[in-house]
Amino acid sequence: MTATEGNGGNEGNGGNEGGGGDRAAGGRHTWDDGLIARRANRWTGGRAGARPARAVDEGRPQEAAAGVSHATAGYFPGEETARRSFGGPPYAVYQAGVRSFATGTLRPRLEALRQLVGLSRSRLEGRTLAGAARVLDEADARGRHPYGHTVVAVAGATGSGKSTLFNALAGAPLSEAGIRRPTTATPLACAWTDHADGLLDRLGIPAVDRRNPGYPYDPALRGLVLLDLPDHDSAAPGHRERVDRLLGLVDAVVWVVDPEKYADAVLHERYLRPLAGYAEVTFVVLNQVDRLPGEAADQVLDDLRRLLDEDGLALGEHGEPGAAVLALSALTGEGVGELRETLGRLTAECGAAERRLSADVDGTMTRLRPQYVADNGPIGLTERARAEFEDRLAEAAGAAAAGQAAERAWLRDAEWRCGTPWGRVRGRKTRASGGSRASRSPGAAERMEIPGARARTVAVEAVTARPAVEEAVRTLGDQATAGLPGPWAQAVREAAGWGGRGLAEAVDEAVAAAAVDRQPIRPVWWSMVAAAQVTLLVVQVVGVLWLLGATAGVFGGPEWWMPALLVGGAAVGPALAWGSRVAARGPARRHGRSVEGRLREAAAECGARRVLEPVEAELARYGEVRAQYVIAAGGA
């Protein structure tokens, strides 16, 4: 921000801008704020031979009395009339090292507030963010004008003597003071600078109501822009509205009270109490102390401090900033010098505008706190909540039942393949009589009993329990919104609700796709056992044929061969089948768990894609917003 930015139409004429505290060509004293190089082309407009800076060393007794060098004033010949703010002698104020507006701690807070508003527009109502938007607009508007200027308003009730105090500070009878009420009808301005046109235009002070301070000028007040406001309790139409508007734009306020109205309820309830957050830039002046005899002034001042303490404006017990309270008499001049010194220090610090805007941001953050902060414990989804959601989806999809069905199917398949040939024939007849001819092929039973399993050309069977899925989504939403403020909790619930629509059908699809055409690899020993069963069957047939041949006298040999072959084939086959069933239990259990895990993973992936990811995206958005809120609130 340049030192002369916001100086009305002077910027286009070359302005009093320059570089780095050095003297430019021709002896012009300038200061560089870092923007001069970027604005050089705009000043010259691309024209060759831009007008050089020149200084005029003419006798100006006013400036000499004010302690301002001719080089510091930095005029162009022939531009003196254009450079004067109020038609009087120019009064330069800029000093090397004056901070620009957006520096210190305020700039990151304003940037964070801007990010906060942008991220929250789709989640909060416009009227909720209206106050923050106004603060940002005010900061932008104030930042267009020199930060070295300090606008102080003198406010008070009818008859409090604020116009008299305004004249005493200005050193000249600029504002009409008298017994007629209301005396001050329009705001008057007195500036200890000749570069306040932009600020006064922003405040809406017409040129006819702009004044110069009395000569000789007080150099301690360089940069001060003093306003005399209308009476805040005036019965005249529009006076209160003008006061309220200007109080929202100035950098600091001097409230003038008198011994009769210092406890006025309207003053405290309408103005002082709501402005408690601006205590650092608030001054309360007890005027007309010359009317109080003896120790009455101290008693009234103590009572005033008590009322200010109730309003939240007094100095805190632990050194918190509070409003400065002074006692003076504008008529006799008693205490006016102390107030002038206080205003001089405030102006020299060049920090009133930043403190005022910081207070605006503080108030906005306090009002917005319920929208961004809820002290209800941890925020976000825990691993336990995610696991419970996946378990509920798996249960709704019947993953456990599918695993058990797959285990049973494996055992039946092992029994069928490793059983005796006669048993396989009986089992095939039993299945055929039950109308399940498709189950004769290996793995058919498994596909029939796994929920959602189907051939590619068959429609997906709706097996997922809809109420269970809805309950899982609702429970997840409740767990995800724990600790969230209302608007963000609503956003998370909506994200979960939108993802939950059609989730049951999607889980059916995912489970069916995971179950179809996933034939397990059969163990090699099944084939070996089946071959052994066939061999035993052959042994039994040979034994029967041998027995028949021996009976017919065709064969001969030991008599015990025939019983041994028959009994051995009949006993070893069932024993081998029983052993195979026992040996198949472990692989069957592992296969069932594999099927259950596969279906569980499919259901979980579907739930994560449709519900968990949108919910986590909303939580991440809130986390970013919360981080910006913390910065905007000053790290609180």
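## The loop after β6

Q288 sits in the loop that runs between β6 and α11 (296-311). Its phi is near 65°, a positive value for a residue that isn't glycine. Keep in mind that this is a predicted model, so the angle is a computed one. As a backdrop, most residues other than glycine have a negative phi.

Is Q288 buried or exposed? With a relative accessibility of 13%, Q288 counts as buried, because the cut-off for that label is under 20%.

## Another positive phi, at C350

C350 is also worth a look: phi there is near 55°, again positive in a residue other than glycine. Where does C350 lie? It's in the loop between α12 (336-349) and α13 (352-372). At 10% relative accessibility, C350 counts as buried too.

## A cis peptide before P216

If you're checking omega values, stop at Y215 and P216: the peptide bond joining them is cis, with omega about 0°. For context, most peptide bonds are trans. P216 itself belongs to the loop between β3 and β4.

## The sheet

The loops at P216 and Q288 bring us to the strands. There's an open sheet of 7 strands, and reading across it you get β3-β2-β4-β1-β5-β6-β7, with mixed pairing. Which strands stand at the edges? They are β3 (210-211) and β7 (324-327); each has a single partner strand, so one side of each is left without a neighbour in the sheet.

Further in, β1 (residues 150-156) and β4 (residues 224-228) pair in the parallel sense, over 5 bridges. To pick out one spot in that pairing, V151 has V225 in β4 as its bridge partner. Helix α7 (residues 162-170) packs on the sheet, where it touches β1, β2 (188-191), β4, β5 (252-257) and β6 (282-286). The direction of α7 makes about 155° with that of β4.

## The whole chain

Zooming out, how many helices and strands does the protein chain have? Its secondary structure comes to 22 helices and 7 strands. The chain has 636 residues, and 47% of them count as buried.

On the contact side, take the pairs in the chain with a separation of 6 or more: 77% of those contacts are between residues 24 or more positions apart. As for the surface, the protein chain exposes about 30100 Å², with carbon and sulfur atoms supplying 54% of that area.

Definitions and conventions:
Residues numbered from 1 in each chain as written. Predicted model: local features only at pLDDT ≥ 70, side-chain atom pairs only at ≥ 80, totals over all residues. Heavy atoms only, no water. Helix = DSSP H or I, 4+ residues; strand = E, 2+ residues; numbered from the N terminus. Buried < 20%, exposed > 50% of the residue type's maximum accessible area, 1.4 Å probe, protein only. Contact = heavy atoms within 4.5 Å. Areas by Shrake-Rupley, 256 points an atom, 1.4 Å probe, with all protein chains shown as cover. Pairing = 2+ DSSP bridges. Axes fitted to C-alpha atoms, helices over the stretch in contact; angles between N-to-C directions.
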